[in-house]
Amino acid sequence: MDGVGRFREVLPMLMDPVAFAEAFVSGDAAGGCRVPSRGMERHRATLRSCGVASDARSRPAFAMKAFTTPKKDGRTARLVLDARPLNDAMRRPPSMDLPRLRDFIAEVERHRFAMQCDGVSYFYQFPVDASISRYFGIGMKGCDMLLNVLCMGWSWAPCIAQRASNVLVRDLGLAWVDNFLVLGGTLDEAERNVAVFRKRAQAARVEVRAEGDDALWQVRSRFVCVGVEFDLAAETQRHRLDPAWAERWVDGSGMTAVLSGRATARQFAEVFGGAVWATDILAVPRCHFAALLSFAGRLGGRMVGAAAPVWDEVVDVPPSARRELGALRKIVRENPWVVGGVPEDTGSVLWTDASSRAWAALLEAEGRFVDGRQGVFAGPDADAHINLKEMLAFAEGVVRLCWAPGAQRCRIDNAAVVGAVAKGSSSSYAANRVLSRSLRVAGRRGIVLRPDWVPSGGQLADPYTRGTSLPRFPAQLPLPRSRTTPFDLF
């Protein structure tokens, strides 16, 4: 990816009033919105002296509510603009180009050394042209103010910041908004990359600082970045949750309230958000927590459907969800290291398929039949949705046919099942229960499942799910080769 080219797509949003106006939905650029802020007058002098904002000489196109939130250092505050009126009037921003967490971790673990630093008040380092700042007004008593820098709360801001960060670390490392990580396979390579990054930051006039008590520009093999602790000096690179974050989540007041059975919607949302983060980093499939996911989905649907989110409403957390949360809490308290790397391929491919009546699973290696199972759906399974039947077929294949440790390739012609296996969870409670069984068995056997999608015409298990009398598998006979090469959707 050409990071510079991608950044040029969004750079005019801060400096070119014509490009900025083109991002509005037709007829909405005039604005006219004014929502007063509460208590922001006491920050007027500070905002003016540090150059973040200036007094508006005329009525802003949008004068919106602003507020402050404390930063993680506990000493400084972050200015946030409630820019919903402006966001609603503009087109959706393009992709942030933020790496997925799994990809971020995998890329870091391909190296041995890293240097980490943050952008100092990073959004404030992006100046906004005076002709555009009138769209970023802060409604105040007496006199409105205009923001002169990138506005936190504006939907385009994270995209602009991330893409600028990608330019700074291009071919050197990774960026997560205002967190920069310069990487190297050897100490010399890491130090050379740090020198190049320093020159880029100086040329762009980007001010950075070290994370925590580290010395700026220090190259390390063990560090914490974006809530993940990395140990690149180990024989095999590994990672786990930031121990400080894990301790706060495990012993927080929100956790205590949720486990007691009665908590506010806000407390549950915060605990559940931490649970999602923890499962991603510790590589714990979320399908193991089907009841917790189901309750979160129901609560989220009710909150979205309400006239206004009632975050302080007390909700009753069901016992099944509390039990699963308690199990996850125990895992997070232990905070085990997760070893990186890609396991060796098992050399075989698992093909699974289901029809409305039956299922089939077969294992093949280099085009030859190894083993197979098939059956007819009975009882409640006979009336299940086809996606659940496909998941049941996949589970039967994993449990009955896969025994060799390593990376097991799986060919499935149902995109919903491929996505669920790849993510480790589904939006269906029943599918999560079935998937959980499959992944537990695979984990005990040292198997890592690698699902790929294939079109139905190339699904080798398909013929063995058809007919009143199910066809028998071939006895050591070559299987027909698929004319379509499977491709990974994820």
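Contact means heavy atoms within 4.5 Å. The legends below describe a predicted model.

**Figure 1. Pro60 and its contacts in the predicted model.** Pro60 touches Arg134, Gly137, Asp144 and Leu146, leaving aside residues up to four places away in sequence. The loop that holds Pro60 runs between strand 2 (53-55) and strand 3 (62-64). One of the partners, Gly137, is 77 residues from Pro60 in sequence. In space, the two C-alpha atoms are 5.6 Å apart. Is Pro60 buried or exposed? Pro60 counts as buried, because its relative accessibility is 5%.

**Figure 2. The whole chain, for orientation.** The chain has 490 residues, and 48% of them count as buried. Its secondary structure comprises 17 helices and 23 strands. Take the contacts with a separation of 6 or more: residues 24 or more positions apart account for 75% of them. The chain exposes about 24200 Å². Carbon and sulfur atoms supply 52% of that area.

**Figure 3. The largest pocket, with a lining of 46 residues.** About 1900 Å³ of space lies in this pocket. Which lining residues lie nearest its centre? They are Arg102, Ala283, Ala422, Val448 and Arg450. Several elements each supply at least two residues of the lining. Among them are helix 6 (101-108), helix 12, helix 14 (319-334) and strand 18 (338-339). Helix 16 (415-423), helix 17 (429-444) and strand 23 (447-453) also belong to that group. Strand 23 gives the largest share, six residues. By class, the lining of the largest pocket holds 23 nonpolar, 10 polar and 13 charged residues.

**Figure 4. The largest cavity, at about 50 Å³.** How many cavities of 30 Å³ or more are there? The count comes to one. Rolling a probe the size of a water molecule over the atoms shows where empty space is left. The lining of the largest cavity consists of Phe272, Ala275, Val276, Thr279, Arg286, Phe289, Leu292, Leu293 and Leu328. Two elements give two or more residues to this lining: helix 12 (265-281) and helix 13 (290-305). The largest share, four residues, comes from helix 12. Seven of the lining residues are nonpolar, one is polar and one is charged. Helix 12 also supplies at least two residues of the lining of the largest pocket.

**Figure 5. Cysteines without a disulfide.** A search of the whole structure finds zero disulfides. Why does Cys410 form no such bond? The closest cysteine sulfur, in Cys402, is 5.9 Å from the sulfur of Cys410, which is too far for a bond. A disulfide needs the two sulfur atoms within 2.5 Å. Cys410 is buried, with a relative accessible area of 0%. Cys159 also counts as buried, at 1% relative accessibility.

**Figure 6. Ser121, a residue with positive phi.** Most residues other than glycine have a negative phi, and most peptide bonds are trans. Phi of Ser121 is near 40 degrees, a positive value in a residue other than glycine. Where does Ser121 lie? Ser121 sits in the loop between strand 6 (113-119) and helix 7 (130-133). Ser121 counts as partly exposed, because its relative accessibility is 29%.

**Figure 7. Val226, with positive phi between two strands.** Phi of Val226 is near 45 degrees, again a positive value in a residue other than glycine. The loop that holds Val226 joins strand 13 (222-225) and strand 14 (228-231). Is Val226 buried or exposed? Val226 counts as buried, because its relative accessibility is 15%. The cut-off for buried is under 20% relative accessible area.

**Figure 8. Ala204, in the loop after helix 9.** The loop of Ala204 lies between helix 9 (187-203) and strand 11 (208-210). Ala204 counts as partly exposed, because its relative accessibility is 42%. Ala164 is 40 residues from Ala204 in sequence. The C-alpha atoms of Ala204 and Ala164 are 9.9 Å apart in space.

Conventions
Residues numbered from 1 in each chain as written. Predicted model: local features only at pLDDT ≥ 70, side-chain atom pairs only at ≥ 80, totals over all residues. Heavy atoms only, no water. Buried < 20%, exposed > 50% of the residue type's maximum accessible area, 1.4 Å probe, protein only. Areas by Shrake-Rupley, 256 points an atom, 1.4 Å probe, with all protein chains shown as cover. 1 Å grid on protein atoms, 1.4 Å probe; cavity = no way out; pocket = protein on both sides within 12 Å on 5 of 7 lines; lining within 4 Å. Points joined across faces, edges and corners; volume = space filled by probe spheres on them. Nonpolar A, V, L, I, M, F, W, Y, C, P; charged D, E, K, R; others polar.
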